[in-house]
Amino acid sequence: ILTGCANRALPVATGYPVKAQRKMQSAHHWDVLAKDLAERLKITIDLSFPNAVVKPTVFVKYNDKTPFGKAFFTLLISRLIQQGLVIMDSNAQYGDNLVIDYHMQVVHHKDRRLTYLPPGAFTLLATGVWLAAQIQDHWNYPSWTLYPLTIGGVSTLADYYLPGETNTEVIISTIVTIGQQYLLGDSRIYYINDDDYEHYESFITTTTNKTYRIVNQ
């Protein structure tokens, strides 16, 4: 029997090691991404063209299909200018310009398993309970006034600092090319609130024309 239990037709499911993934919830977060990309591109240009007297100019493709696309365009240009890069406002001919193109892909998960409490949550709860007990014993505070220090306090603290996973994620990919060569590739994955997916996902409505023929029987 034990030998039979040691054999299984399918591999046993196991999770990945605990990792942190950021959650985008504001336009400020978009600006943080723009700043980081601008700094990375400046470093890449300096390393790729160390002896160039004049660094290549930069052109950012305009993505106006989503609120994120519109906002990120201006945020990225501002951050690139702050890095001392020359930004072109027209790209009739690519030439030797660095061309920045960015895309968003929203991923909707339909089957998500139970998530677990973050590491240290039980330690924090135990500390809150101990602290509440000490205050009650030494200062005679009613127990109900100490509720924020225990479960309620930990819950509020967790909600504030740990926004939590959702069923929706967005993949933001940025590609920088010069001619037919890729110079920089960057992909980031973020949690987003389920109802915020329209910030990153565009909907194209197509109309199909059909022709019908009436036949007399």
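Arg 22, Lys 23, Met 24, His 28, His 29, Val 32, Leu 33, Asp 36, Pro 163, Arg 188 and Tyr 190 form the lining of the second largest pocket. The model you are looking at is a predicted one. If you would like a place to start exploring, this pocket is a good choice.

The space in the second largest pocket comes to about 270 Å³. Three elements each give two or more residues to its lining: β1 (23-24), α2 (27-48) and β6 (181-192). Which of them gives the most? That is α2, with five residues. By character, the lining residues divide into five nonpolar, two polar and four charged.

Now let us follow the strands. β1 and β6, both of which contribute to the pocket lining, are also joined to each other, running parallel with two bridges between them. Met 24, one of the lining residues, has Ile 192 in β6 as its bridge partner.

β6 has a further neighbour in strand β5 (residues 168-178), and these two run antiparallel, joined by 11 bridges. Ile 171, for example, is the bridge partner of Ile 189 in β6. Here are the two pairings side by side:

| Strands | Direction | Bridges | A bridge pair |
|---|---|---|---|
| β1 and β6 | parallel | two bridges | Met 24 and Ile 192 |
| β5 and β6 | antiparallel | 11 bridges | Ile 171 and Ile 189 |

What do β5 and β6 form together? They make a hairpin, with two residues between the strands. In its turn you will find Gly 179, which has a positive phi of about 65°.

Notes:
Residues are numbered from 1 along each chain as its sequence is written. This is a predicted model: local features need pLDDT of at least 70, side-chain atom pairs count only at pLDDT 80 or more; totals for chains, interfaces and linings use all residues. Side-chain values use heavy atoms; hydrogens and water are left out. On a 1 Å grid over the protein atoms alone, a cavity is a set of points where a 1.4 Å probe fits but cannot get out, and a pocket is an open set with protein on both sides within 12 Å along at least five of seven lines; lining residues have an atom within 4 Å of a point. Grid points are joined across faces, edges and corners, and a volume is the space filled by probe spheres set on the points. Helices (H or I, at least four residues) and strands (E, at least two) are DSSP runs, numbered from the N terminus. Ala, Val, Leu, Ile, Met, Phe, Trp, Tyr, Cys and Pro count as nonpolar, Asp, Glu, Lys and Arg as charged, and the others, Gly among them, as polar. Two strands pair if DSSP finds at least two bridges between them.
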